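Biologist: I'd like to go through some of the labels on this one with you. Can you tell me what stands behind each of them?

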Amino acid sequence: MSNNETLPRHSKPLRLSIVTQFYPPDYAATGQLIEELAVELGKQGLLVRVFTGQPGYAFHSQSAPAREYFQRLIIQRSRATRIWSKRIRGKALNGLLFCLRAGLHLLKTSSHGDILLLTTAPPFLPILGYLAKKLFGLPYVCLVYDLYPDVAVELNVVPHRHWLVRLWNTVNCHIWKQAQQIIVLSPSMKNRVVGKCPQLKDKITVIHNWADANWIVPIAKQDNWFAQNFNLVDRFTVLYSGNMGRCHDMETILETAKLLQDDPILFVFIGNGAKREAFEAQIHQLGLTNCRFLPYQDKQNLPYSLTAGDLSLVSISPGMEGLVAPSKLYAALAAGRPIAAICEPQSYLQGIVTEAQCGAAFSNGDAAGLAEFIRCLSTDEPLVKRMGEAGRRFLQSNFTPDLIAQEYSKLLHQSVFKGWESSEVSVQYSSIRWK
């Protein structure tokens, strides 16, 4: 591109299209994160359009406006399909139908923007990026939340030698090669992707998830209405908040609760997921009275529910390291509570907890070590406070929405300019009003 074709970076705002199945009022973590990211990118001058589905995991509403405007954001929603939505095959079918609708949307949209950001919610969504580049010359970036088909293989949904797995891996490599950038959520996830496609090493960027430390702030339990309502003020409380899914190690937590059943310690589980029903049934079958289950909380309650405990639990099942990245870690850091991470020894969770000095990490199955750590904290209030404050400082220095959005903005701008240079086309910005 010649110099007279290159416009100053800030002469016109970058136009970003985000495609993702989940978005508020859905309480799915991926949707909440994308909303926060889109808002922050808007504050940094980008014009953001989101194409998403109707809510499938909302509290009070099964529908949302087909089109919304918020600050610099345009949110457009397709119809929703909820076929067997609690089963793996049903979720896959619903995700496939959303992909088809998103593809039709891209075909019908006259202006696609300057760059496309696609999440892995659903996991085959990045195929649309590949097609958009071939059809329209539109550069795209892949945001990998969960690494498929590896997750499905680890969960024994499909054998690792199955033809579908081989095909999926081949398609992934083609999609990633054509992408401007691949964003992953942890160093171990980057290693997994590099292991599949070594030539992509320089194209993969690690950008962590985040939490808003101005919204989630430490609240003393005696001043916390949530802790008061559920009688958590006068008892040392171990909190697990979020999805209890197939990728999370609930088994080690169960064994820990059994070891501590005669101690003045309470386990509180807030959320839902594929493992919750069986996990709760085991608790009742064992007659454990030191566990309590609560449903997902409305977003406005999270600053209070997340600070109603004294210790936060984060877990990844064996074999899942580098395939998933629990977003609950960052909210727990913002809450100013110590972290107990249950993970494999090489996990990025252990690295963060160790560097931040905000808790401890335990190998999967080490219920005895976790139980002893909980006992130690339950009798050492200054240590609890010191670890909680250290974790919050670490988050404020590394994982706030504005800091993370700056990383995304820089990467997206670089990706657009690289796309222009590689295609050797003239740059013609449209008007700021994006129709």
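Modeller: Rings first: those of Phe, Tyr and Trp (its six-membered ring) pair if their centres lie within 6.5 Å, and planes under 30 degrees apart count as stacked, over 60 as edge-to-face and the rest as tilted. A search of the whole structure turns up 14 aromatic pairs. Bear in mind that this is a predicted model, where local features need pLDDT of at least 70 and side-chain atom pairs count only at pLDDT 80 or more, while totals for chains, interfaces and linings use all residues. Residues are numbered from 1 along each chain as its sequence is written, and side-chain values use heavy atoms, with hydrogens and water left out.

Biologist: Why is the pair of Trp225 and Tyr304 called tilted?

Modeller: Their ring centres are 5.4 Å apart, which is within the cut-off, and the planes stand at 45°, neither under 30 nor over 60, so tilted is what remains. Trp225 belongs to helix α7 (225–229) and Tyr304 to helix α10 (302–305), 79 residues apart. Helices here are DSSP runs (H or I, at least four residues), strands likewise (E, at least two), numbered from the N terminus.

Biologist: What makes Trp225 partly exposed?

Modeller: Its relative accessible area is 33%; buried means under 20%, exposed over 50%, and partly exposed is in between (1.4 Å probe, protein chains only). Tyr304, at 30%, gets the partly exposed label too.

Biologist: And why do Phe269 and Phe279 count as edge-to-face?

Modeller: There are 80° between the planes, over the 60 limit, and 5.0 Å centre to centre, so the label fits. Phe269 sits in strand β10 and Phe279 in helix α9 (276–286), so the pair ties together parts 10 residues apart in sequence. Both Phe269 and Phe279 are buried. Ring pairs also join them with Tyr240, Phe267 and Phe293 in a cluster.

Biologist: How do you know that Lys299 lies over the face of Trp215?

Modeller: The rule wants NZ of Lys or CZ of Arg within 6 Å of the ring centre and within 35 degrees of the ring normal. Lys299 is 5.7 Å from the ring centre of Trp215 and lies over its face.

Biologist: On to the sheet: what makes β11 and β14 its edges?

Modeller: The open sheet has six strands, ordered β11-β10-β9-β12-β13-β14, with parallel pairing. β11 (291–294) and β14 (359–362) each have a single partner strand, so one side of each lacks a neighbour in the sheet.

Biologist: How do you know that β13 and β14 pair?

Modeller: Pairing takes at least two bridges found by DSSP, and β13 (339–342) and β14 have four, in the parallel sense. Ile342 stands opposite Phe362 in β14.
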